[in-house]
Amino acid sequence: MRKKNHGGGLLAYALCYLAFLYVPVLFLPLFSFNQSVFIAFPLSGFTTQWYAQMLADDAMLKALGNSLVVGATTALLSTLLGLLAAKALTRYRVPGGAALLGFTSLPLFIPDIVLGISLLLLLNAVAVPLSLLSVICGHTLICVPFAITVLMSRLEGFDKSLEEASLDLGETGWTTFWRVTFPLALPGIISSLLLTFIVSFDEFLIAYFLAGNDATLPIYIWSQLRFPYKLPSVLALGAAILVASAVLVVFAEWIRSRGLEGRRAVMVGA
Amino acid sequence: MSEDPFLRIEHVTKRFADVVAVDDADLTIRRGEFFSLLGPSGCGKTTLLRIIAGFEFPDSGEIYCDGVRLTDEPANVRPSNMVFQSYAIFPHLNVFDNIAYGLRREHLTPSDLKVRVTEALAMIKLEGLGARWADELSGGQRQRVALARALVRRPKMLLLDEPLGALDRRLRETMQLELRALQKSLGITFVFVTHDQEEALSMSDRIAVMSGGRILQVATPRTLYEAPSCREVADFIGEMNFFSGWISARDGASAQIDLGALGSFNVVAPQSAGTRVLVALRPEKIMLSDAGVKGSVSAAAFLGERSHYFVKVESLAEPIAVAVQNSALTPGHAVGDIVHLAWSADALVILPAD
Amino acid sequence: MLSLSKHGAQARGLKVTGEMDSVGSGRDGFGERLERFYRRSEGARGLTLLSPTMVVMLAALAAPLALLALYSFWSQNGYALDTHLSLGQYAQSFGRASYRALLYRSLVISSLVTLITVALAYPMAYFVAFRVGRAKFVWLILLTIPFWTSYLLRVFSWKLILGYNGVINSGLMSLGLIHQPLEFLLYNPTAVVVTLAHAWAPFAILPIYVSLEKIDRSLLDAAADLGDGPVRRFFRITLPLSLPGVIAAAVVIFVPTTGDYVTPALVGGSDGVMIANIIEVQFDKVGNWPLGAALAMASMAAVGVVTLVTVLALRAAVRRIR
């Protein structure tokens, strides 16, 4: 490997950088166990009362339920659409494929506020009332690029002859999908489901514009930020969400890489 | 092997964008034949194989198998099975399930299925390895699994796309013999694609030599070697010397050919007097003797059972390649030695001039 | 047994034709020819597979944006929408000094955030690409996790940190370093920049890492062999070759940040308001949707122009280096 005499300085920088990334966020769980209602030093003792308070809040639980529904639906829809698109773009020579791929990535480059208000205009124009459904639409829009990226990277390492071999052995296009493509793409599919779920679950602005009377969890949190005495229980909620998100992300990445490692040697061919 | 036509490819043409991959290919393959498509990379042999298999559809032309028109049929209903260049072993199934994959549609009972798969494993000499996974197998083993998976369906025709390319030389030679023996014992038609002319010559009943999408010549290995029909085929198969000459006189079927400094010879050729021709001569048909065309050795290589020499002859731009069988009696020659080259007239192959 | 005798073929529904049959004999109907075209054309199959996603994207992205553009040319007359096309909203967006200033401030804040984030992220990405061996996966996961956690919560935690009674102030006071809380930490553009730089950090690392990882190590070895020291190698080879990743990271950060709503709303105060906040006000409280639309279009145009100019300038600069 390369000479490591400059490694020390860079390593120190890297560790500081990691600290910079994590420490600000770690204050959330820290103060969620703090006795005082004020988020300030010095710490005044350990308590789990804020967690209990959070769990007893019906409005919060309802918003949590809404977010789970919206997240799950968004994950399924965007992964399905992403899978079809990724398959089309990696497996076939589609005319204008690069342009179409660019078009599907567009939501990543447009500010959420613009996406939110333009969808609001559309729904208003066709007289569709705002509800969790409209939130699902908006979230699916921003999640499809993520799904396509994850699934394309998974499908690109795919030996094209595997599907041809299946056809040659008597299967139709549809049965080939179920017997060969789907099982091999499964790690990518699971990873995409998890990641799009998290994106939807945590998304605030588009949901804020498109939700009707039902709040998602981020909308609920936003509404609580005005009340100082409610802050600690919001912290408790925030800490819980952070931990859950982190666990899901690690799991999603682990599945995705596991799929790649084990079969990589064979995927590439002879 | 009977003479009856089994697979007919009629005037098949296939284009990809502006490239003509297969140009008016016309071919008849006989039942039970080991047939090879031979040519350099990009000559269209793999495309033609894929058209036979049903993964590509021709822009024009027809394919018939046993009288049935296959041209537009998708791959999954065709009576052929294919061994892919990358083997395409399913990584999420073990060896047994890989081989059993194509038998699902036959709705066999589990015990019948087991019998068929075990039979197939025995045929490729991988008994007992049914539980292994693809990444636990060597390249040669994976190749056999691909073979078994195709053959277990008892197809009328087996298509092989450069299946031995990734194997090392020893293994490749063993597999060549095994494949040939397998084909003979099963009696089914094999269509084999390769760029290795030695491989094609050793295994095939007949070979189609392709270049630039066109089929140049279809013949037995011996005929291709002894009587190539054009310069490209002559050049591709084995080593060849080329001279230019012209027909100086005719007498019925035979003609007098004038090779300038190399002399005049009496050959059987159809060209009329006065025509320029290309004459091809194999290096091993040239003998080093006491009389004949004089030249000096410009390069010499000792290859164990043979020696190769390049002999520079005055008035010829290119040196002549000579291959001589080594024995205790024939002395070796060193660079600079004066030698005399001689050959018999019927060793000359008369080709149309470029 | 697979047998393809004529009888067998008929039983399986295949067309059995005599030797004399030819293609396009006129027996093929339009449907059959369409089916054949579909099977032969890879492009057709690919497009069909792609179509559901494209339809959704057109409905959810193209149509709304078109409508947004349309609204920006309309006007709000009290409670009614005046659909006569006019440039009035654009005149307001660019005409009013406060809006211009807001747009300008948003671009400046966004540029600062981009510069800081990319500059800080580059050494980190370099570290993982060049100095880490087998633990690359672990480092990447650690760097990726914050990417996926709630943006709202991350901004919120900065509000807690920078506040009057917040973490920094109370910490410094309890340590006795200051006697009065620092007031300049929160509710100004600086707070916005710091918060955004923190929030966008993971976004910058990945593109830069990917382009660094792709650099052929033997290029560096060749340069060393030809006499370049480590610093020269970095500037002559590593940096130019990683520039596509840097530019990608910069664009991914700059464009959405200009339209950010949450951070200025939570930590910006009245000094740190950005264009997105004004747009939201038009939709939420004021009810002047055309103006909101025009402001949105104007800001996108401004961002687009700035991005294009910068990217072209950077690319030209890179070519000059080589």
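Here is a short chat about a predicted model of a complex with chains that include B and C.

Colleague: What ipTM does the predictor give the complex?
Modeller: There are two scores for the complex as a whole. The pTM is 0.76, and the ipTM is 0.80.

Colleague: Which element of chain C has the highest mean pLDDT?
Modeller: Chain C averages a pLDDT of 80, with 89% of the residues at 70 or above. At the low end of its elements sits helix α1 (residues 6-11) of chain C, with a mean of 39. At the other end, with a mean of 90, is helix α5 (residues 97-131) of chain C.

Colleague: How many contacts does the stretch of residues 1-26 of chain C have in the model, beyond near neighbours in sequence?
Modeller: Treat that stretch with care, as its pLDDT is below 50. Leaving near neighbours in sequence aside, the model still gives residues 1-26 of chain C some contacts, and the count is 30.

Colleague: How many helices and strands does chain C come to?
Modeller: Chain C has 322 residues, of which 39% count as buried. Taking contacts between residues at least 6 apart in sequence, 70% join residues at least 24 apart. Its secondary structure comes to 14 helices and 2 strands.

Colleague: And how many helices and strands for chain B?
Modeller: Chain B runs to 354 residues, 40% of them buried, and its C-alpha trace spans about 75 × 50 × 40 Å along the principal axes. Of its contacts between residues at least 6 apart in sequence, 64% join residues at least 24 apart. The secondary structure of chain B comes to 8 helices and 20 strands.

Colleague: On the side of domain 1 of chain B that touches domain 2 of chain B, how many residues are nonpolar, polar and charged?
Modeller: The domain assignment splits chain B into domain 1 (5-236) and domain 2 (241-352), with centres 39 Å apart over C-alpha atoms. Contact between them involves 5 residues of domain 1 of chain B and 6 of domain 2 of chain B. On the domain 1 side, the residues divide into 4 nonpolar, no polar and 1 charged.

Colleague: Which residues have the most contacts inside the largest nonpolar core?
Modeller: That core has 262 residues, and at least three come from each of the two domains of chain B. One of the top residues, B:Ile99, touches residues including B:Val117, B:Leu121 and B:Val152, leaving out those up to four places away in sequence. The full list is A:Ile117, B:Ile99, B:Val191, C:Ala121, C:Ala125 and C:Ile208.

Notes
Residues numbered from 1 in each chain as written. Chains lettered and ligands numbered in written order. Predicted model: local features only at pLDDT ≥ 70, side-chain atom pairs only at ≥ 80, totals over all residues. Domains from an automatic or database assignment. Contact = placed C-beta atoms within 7 Å. Nonpolar A, V, L, I, M, F, W, Y, C, P; charged D, E, K, R; others polar. Helix = DSSP H or I, 4+ residues; strand = E, 2+ residues; numbered from the N terminus. Buried ≥ 20, exposed ≤ 12 C-beta atoms within 10 Å, placed from the backbone. Core = buried A, V, L, I, M, F, W, Y, C linked by C-beta atoms within 7 Å. pLDDT = per-residue confidence, 0-100.
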